[in-house]
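Biologist: I would like a close look at one part of this model, namely its salt bridges. Please take your time and work outward from them to whatever surrounds them.

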Amino acid sequence: MIALGGSIGTGLFVASGSAISKAGPGGAILAYAAIGIMVYFLMTSLGEMATFMPVSGSFAEYATRFVDPAVGFALGWNYWFNWAITLAVDVSTTAIVMQFWFPHVPGWLFSLGFLLIIFLINIISVRSFGETEYWLSMVKVITVLVFLAVGILTIVGILGDGRVDGLRNYTMGDAPFHGGWTSALSVFVVAGFSFQGTELIGITAGESATPEKSIPKAIKQVFWRILLFYILAIAVIAAIIPYTSPNLLGSSASDVAISPFTLVFKRIGLAGAASVMNAVILTSVVSSANSGMYASTRMLWAMGGTKFAPRIFSKTNNRGVPLPALLLTTAVGTLTFLTSIMGPGVYQLLVAASGLTGLIAWLGIAISHYRFRRAFIAQGHALSELKYHAKWFPLGPILACVMGIAVILGQDLASVQRFDWSKLLVSYMSILLFLVLYIWYKVRHKTHVIPLKDVDLRTHHEIHHE
């Protein structure tokens with residue numbers, strides 16, 4: 001359920017509309033389908049490693065053991081930073097969402113209130129995090145299913161005012177592919193951000209009761225859920241609302257009144273559609289902040305154990321909650337959030353800096369898996385020893401790498417074409433941050449890429465028994 005909720009958020013509820021208006025229905029469906037396939041391969045790669053070696057530090061630990069410790073160090077800090085900033089972005093967004101109902105209450109009150117609630121959920125126990133996430137995900141899943149049912153009934157003319165003319169919106173103007181390949185590529189970036197959070201499966205593996213059963217099950221569902229939720233939802237929105245509609249341009253949570261979901265619900269005369277969708281968007285933002293707090297805390301805790309971070313962060317309280325890591329993550333989230341009150345400059349810079357870190361983590365997963373499988377075979381192991389193995393190796397990780405790099409480069413094509421250095425620096429800052437961390441660790445510790453025959457393939461169970 002955490003994996004399911006992880007990829008349904010404001011990307012689907014709000015930004016899907018702007019994707020259709022940018023690239024037309026065909027371009028949007030193509031972009032989401034392609035990124036969906038890439039994410040499926042990434043999840044099977046992560047699943048193979050996570051069932052063999054379930055650890056909370058997940059891909060930072062895998063990169064350290066299968067590629068080069070410097071890559072693991074840079075990936076870990078990069079991922080922690082990404083989610084700590086995302087936490088701040090999400091708590092800032094709760095204020096925008098709440099002001100839909102309470103326009104006269106200062107927004108920062110709501111943000112600090114939600115930050116405190118999320119902190120409390122995470123400090124109680126991992127069970128309270130899991131339970132909260134389960135119910136928040138449930139709300140999102142039910143919303144999407146109701147939307148799909150309502151949308152399909154509207155298209156076939158059972159619901160609504162009968163003004164939907166089959167699939168005419170798919171052929172009007174220069175649809176289905178509006179704006180050519182450059183528009184489609186810019187939507188690839190939107191789709192890439194929408195799917196971030198699916199890699200949480202790997203982080204939760206270290207604390208799930210039966211990772212060898214629950215992880216493969218979650219991964220099998222990833223592909224179908226992407227197909228059903230994203231692609232069907234976009235197909236329904238595009239059939240009901242033409243891509244030329246100015247209402248599709250909203251892409252932030254403040255545009256809830258013109259969220260494609262709200263527009264479709266209004267179309268069938270659902271009273272209070274905007275209020276209902278606002279409540280759903282609120283649950284999705286809180287769910288994302290909750291996951292962000294959990295993921296960044298666990299990553300910092302794991303790095304404390306591998307000496308990538310100060311030892312103190314590896315400490316947990318008697319309920320198994322990594323308290324020092326949780327406190328630092330909350331502090332960084334609070335500071336980032338405070339910059340959004342003081343002035344937009346620093347805040348926007350931080351948000352931009354965390355922009356591509358999720359995609360860098362995905363590249364790390366693909367490269368680690370490619371090396372893991374090759375080392376596994378090179379050291380004389382048989383595939384039958386793996387509890388779960390990724391199909392179509394090595395096509396999966398190679399395809400994920402190629403597409404990941406294409407999406408990263410396509411992040412800001414306009415500035416690349418104009419050589420606008422100040423814009424480029426902001427757009428690609430996460431890559432710079434990753435390289436600085438990587439080079440610093442490599443030079444300081446003189447690390448190198450580990451030869452395949454020397455890759456440490458012992459599971460944690462074996463290490464502890466030794």
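**Salt bridges and their surroundings**

Modeller: Happily! Searching the whole structure turns up five salt bridges, a salt bridge being a side-chain nitrogen of Lys or Arg within 4 Å of a carboxyl oxygen of Asp or Glu. Before we go in, please keep in mind that this is a predicted model, in which local features need pLDDT of at least 70, side-chain atom pairs count only at pLDDT 80 or more, and totals for chains, interfaces and linings use all residues. Residues are numbered from 1 along each chain as its sequence is written, and side-chain values use heavy atoms, with hydrogens and water left out.

First, the setting. The protein chain has 19 helices and zero strands; both are DSSP runs numbered from the N terminus, helices being H or I of at least four residues and strands E of at least two. Of its 466 residues, 56% count as buried. Buried means under 20% relative accessible area, exposed means over 50%, and partly exposed lies in between, with a 1.4 Å probe and protein chains only. Among contacts (heavy atoms within 4.5 Å) with a separation of 6 or more, 80% join residues 24 or more positions apart.

Now to the pairs themselves. Side chains of opposite charge can pair when their charged atoms come close. R373 and E48 do this through their side chains, at 2.8 Å from N to O. This pair links distant parts of the chain, since R373 sits in helix α14 (residues 357-378) and E48 in helix α2 (residues 10-52), 325 residues apart. Both partners are buried: R373 has 6% relative accessibility and E48 has 0%.

E61 and R65 make a local pair, with 3.6 Å from N to O. Both belong to helix α3 (residues 58-66), four residues apart, about one turn of the helix. An α-helix has 3.6 residues a turn, so residues three or four places apart point the same way. E61 is buried at 15% relative accessible area, and R65 is buried too, at 9%. This pair also belongs to a wider arrangement, as E61, R65, D456 and R458 are linked in a network of salt bridges.

Then there is K442 with D68, where the closest N and O atoms are 2.6 Å apart. K442 lies in helix α18 (residues 429-445) and D68 in the loop between α3 and α4 (69-98), so the pair ties together parts that are 374 residues apart in sequence. The two ends have unlike surroundings: K442 is partly exposed at 24%, whereas D68 is buried at 0%.

D68 has another link, at the start of α4, where one of its side-chain oxygens reaches to within 3.0 Å of the backbone nitrogen of A70. That is a polar contact, meaning a pair of N or O atoms within 3.5 Å; within protein, one must be able to donate a hydrogen and the other to accept it, and residues adjacent in sequence count only if both atoms are side-chain atoms.

Let us follow α4 onward. Of its 30 residues, 27 are buried, so α4 is largely enclosed by the rest of the structure. At 1.5 Å a residue, those 30 residues should span 44 Å, and the end C-alpha atoms are indeed 44 Å apart; the expected span is 1.5 Å times one less than the number of residues.

Past α4, F100 lies in the loop between α4 and α5 and is partly exposed at 33%. F100 contributes to a nonpolar surface patch of about 1000 Å², whose other members include W101, W108, L335 and M342. The elements giving two or more residues to the patch are α5 (107-124) and α12 (323-342), and α12 supplies the largest share, four residues. Patches use residues with over 30% relative accessible area and no salt bridge; like charges are joined within 9 Å, and nonpolar side chains (Val, Leu, Ile, Met, Phe, Trp, Tyr) within 5 Å.

Helix α5 also holds S111, which is buried at 1%. The side chain of S111 reaches the backbone oxygen of V91 at 2.6 Å. Leaving aside neighbours within four places in sequence, S111 is in contact with V91, S92, T94, A95 and F337.

Key: Areas by Shrake-Rupley, 256 points an atom, 1.4 Å probe, with all protein chains shown as cover.
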